Amino acid sequence: YDTTRAVGLYSSAIAMFVMDHDGNIYASTRRVPGKFHHSSFVAGGAVAAAGEIEVRNGEVTYISRRSGHYWPSEAQLDQMAENLRSQGVTGFEVDKSIHC
């Protein structure tokens, strides 16, 4: 997976993601205002985390909690970071600011 060519809502090279309560992560570089957004992954259902993710050459480099639909907390972003670390993913930036 690579987000290098993505055009994010807040910056480029970023995809939106959600993590469901089972720890499954869904991400997309595709955004269609009013039609496809964070809540589209789970049909508007509850999530454990949501935000933006940057992946370069298969390596996660950045995650944030930027989601205007879910307004995730810092604790939810921490859950996402811990989920990634439990799978051996390290060395990524965690941006706890929110600009929605």
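These questions and answers look at the cores and two loop residues of a predicted model.

The model is predicted: local features need pLDDT of at least 70, side-chain atom pairs count only at pLDDT 80 or more, and totals for chains, interfaces and linings use all residues. Residues are numbered from 1 along each chain as its sequence is written, and side-chain values use heavy atoms, with hydrogens and water left out.

Student: Which helix gives the most to the largest nonpolar core?
Tutor: A nonpolar core is a set of buried Ala, Val, Leu, Ile, Met, Phe, Trp, Tyr and Cys residues joined through side-chain atoms within 4.5 Å. Buried means under 20% relative accessible area, exposed over 50%, partly exposed in between (1.4 Å probe, protein chains only). Helices (H or I, at least four residues) and strands (E, at least two) are DSSP runs, numbered from the N terminus. The top contributor, with 4 residues, is helix 1.

Student: How many residues are in the other core?
Tutor: This core lies apart from the largest one. Its members include Met-16, Phe-36, Val-47 and Ala-50. The count is 6 residues.

Student: Is Asn-57 buried or exposed?
Tutor: Asn-57 is found in the loop between strand 3 and strand 4. Its phi is positive, near 50°. Its relative accessible area is 71%, so Asn-57 is exposed.

Student: What is the phi of Trp-71?
Tutor: Most residues other than glycine have a negative phi. Trp-71 lies in the loop between strand 4 and helix 1. Trp-71 has a positive phi, near 45°.
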